[in-house]
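Biologist: Could you pull up the model so we can go through a few helices and strands together?

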Amino acid sequence: MMQYIRERATSKFAKFLFLGIGISFLGFGGSSMMGSLGDPAVAKVNGEKISTSVLTQAYMNHLREQGGVTPEGAAALMVKKNVLNGLIQEQVMQQATEKMGIMASNEAVRDAIHKMPFLQENGQFSKQRYQYYLQQQGLTAEQWENLLRRDMTTQLLIRAISDSVIVPQESIEAFAKIDREKRDLSVISVPLARFVKDAIVTDEMLAAYYESHKHEFSTEPRVKIAYVTLPEVTNDEITVTTEEVAAKKAEILEKQKATESRNSDQLIIQFSTEDEKQTALSALTTISDALKAGNLSFEEAKAEIEQNPEGLYYQTGNLRINGTQGIETALFGLTMDAPYSAPVVTDNAVHVVRLLAIDGDDALSDEALTAKATAAVKQSKEAAIKANHEQHFQEVAEKNAESLDLLAQTFNTTPVETDWLSLTEKTGALKDQATFDMISQEMQLVGGKNSEAYQADNGEIRIVRVQAYEAARPLTFDEAKPQIETALVRSEAEKKARGLIDAINIELAEGKTLADVAAKHDVTVKNYTDLSAVNINEAANNDPEIAAVLEQGFSVARTYPAAFVALSINDHVDGVIVNNIEPGKLSDYTEEELTLIGQYLRSDMANAETLLFMQGLYDQSQIEVYQVPFLTE
């Protein structure tokens with residue numbers, strides 16, 4: 001199989017190896033992407049049409065799978081394009097399997113259906129459940145099985161590619177050499193502080209640095225602000241009437257239908273003709289009446305239905321109301337005291353629904369429902385009082401927009417005034433993001449006006465004003481001089497530290513011992529043997545700075561003669577010598593670990609081969625996309 005695929009691939013596919021093209025199997029309720037003759041094409045793949053209706057249905061299916069949330073604007077257009085790309089890729093793969101003569105067998109499709117958990121009852125495939133599922137989907141058995149066959153066929157192709165991958169022993173050995181590599185390192189550390197006192201920075205150096213780095217030196221924009229916080233309102237005197245509670249209870253019971261879930265089951269008789277429909281309706285009317293009157297148990301009714309060739313019993317499971325279909329309307333009109341529905345007629349069956357359980361407010365006792373309604377009414381009144389209080393707060397601030405004094409007097413509080421705060425660093429009161437956002441508006445920043453009322457990060461309602469503002473400006477040479485001096489001193493100290501390591505390397509090249517050279521230059525040598533990637537932290541005693549040096553030691557090449565490679569780490573320059581490198585060996589692993597490595601490499605290579613093949617198919621296909629209204633609305 002893989003040889004067949006390779007013969008139809010070209011070397012240019014290699015560049016697409018890691019593009020990560022993903023197939024999106026978006027069932028759209030039919031066995032073709034063509035749609036009807038009058039259905040405009042949104043795309044064509046090698047001349048085969050993908051219709052607008054197919055894209056629309058796939059888009060709706062995608063939204064349903066994502067929880068029913070409908071995106072808007074640019075987000076909606078992006079989702080539509082992504083769904084279309086999935087359909088195009090699916091079409092490309094379907095065409096490829098047809099050309100190669102790959103197809104899931106009837107036996108494989110039947111076996112997959114029989115193993116689907118939602119079509120099983122007591123661990124066995126249920127034909128009645130299968131028929132009811134098809135009825136819910138609006139599909140015939142042939143249509144749904146064709147959809148399943150197409151997806152299974154594509155998976156056969158992908159599996160054929162993956163199964164053809166062989167991991168050479170050399171690949172496992174190469175992996176082991178790097179993964180379990182061990183190194184012996186010698187490390188010295190030269191603190192910059194050792195040379196700070198000797199660093200010479202002249203006025204000419206300072207001036208030259210300032211001239212070439214002026215853009216780096218400026219003041220931070222800063223403000224002084226004042227704000228008033230709205231005092232809390234006490235609502236101890238709120239009263240709730242009986243009429244208000246009754247109205248709220250009715251409202252809760254109405255709204256709960258949208259959030260509760262109901263567990264139910266059904267007795268069903270299917271029909272194909274009008275006469276069969278009337279017969280089914282008559283039979284289930286008799287059964288429904290007997291169940292409601294208590295003259296027939298549900299188990300007896302179920303046994304009677306299962307003896308009918310067109311009858312079946314179906315457990316619906318937990319449902320939420322999702323429309324105005326007859327079965328849903330009947331179910332959500334039932335109560336636990338009256339759990340049986342009258343017969344409900346659908347397109348090809350008659351149903352009697354039994355309510356088993358309710359998960360929602362309807363299951364609350366009247367006492368609990370009354371308490372919930374009372375709390376809701378009180379909360380609503382509290383919100384109204386708070387809104388009026390905030391409105392008055394805003395109105396007073398607007399009447400005297402040049403000051404917070406009147407506002408503070410009216411609400412018997414005191415403004416909070418700050419010193420200079422950095423707009424860049426968001427210091428002090430500006431750490432509150434809502435306050436920072438409010439004063440950043442131009443009107444507040446330079447207009448000297450009170451802000452609108454806003455909610456601070458801690459929930460307080462505030463009004464803020466900018467008392468003083470200074471925009472950023474370039475620093476003068478004298479103002480920038482301390483920063484420049486610090487930077488130049490550090491730079492000079494680092495040069496001297498690296499110069500010391502260079503001097504040590506020269507002496508080592510002359511044949512002097514590392515111990516003698518280290519003692520001469522007053523540096524401490526730390527030796528690490530059998531160091532591996534997995535024991536770096538342990539060797540560094542969990543010191544992040546030492547660990548950083550040792551990690552970089554694994555990217556340093558071994559030199560002859562041995563010489564330190566200088567690495568700048570924070571406030572010191574470190575030198576690393578690689579004394580020995582011992583590649584990892586297969587014998588370093590257990591048999592179980594080797595098996596896992598083989599599986600990992602095989603999976604990695606299989607993914608790469610699959611992506612390579614898929615991108616090749618995509619590149620060789622002639623794809624046209626049309627700007628239909630659905631993609632632009």
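Here is our chat about it.

Modeller: Quick heads-up: this is a predicted model, where local features need pLDDT of at least 70, side-chain atom pairs count only at pLDDT 80 or more, and totals for chains, interfaces and linings use all residues. Residues are numbered from 1 along each chain as its sequence is written, and side-chain values use heavy atoms, with hydrogens and water left out.

Biologist: How far apart are the end C-alpha atoms of helix α18?

Modeller: Helices here are DSSP runs of H or I, at least four residues, and strands are E runs of at least two, numbered from the N terminus. The expected span is 1.5 Å times one less than the number of residues. For the 33 residues of α18 (477-509) that gives 48 Å, which agrees with the end-to-end value in the model, 45 Å.

Biologist: Where is the kink in α18 centred?

Modeller: The bend at a residue is the angle between axes fitted to the seven residues ending there and the seven starting there. In α18 the kink is about 30°, and its centre is Gln483.

Biologist: Which residue of β10 is the bridge partner of Ile269?

Modeller: Strands pair if DSSP finds at least two bridges between them. β7 (residues 261-270) and β10 run antiparallel, joined by 10 bridges. On the β9 side, Val345 stands opposite Val350 in β10. The β10 partner of Ile269 is also Val350.

Biologist: How many residues of β10 are buried?

Modeller: Buried means under 20% relative accessible area, with a 1.4 Å probe and protein chains only. Strand β10 covers residues 349-359 and is mostly covered. Of its 11 residues, the buried count is eight.

Note on methods
Buried means under 20% relative accessible area, exposed over 50%, partly exposed in between (1.4 Å probe, protein chains only).
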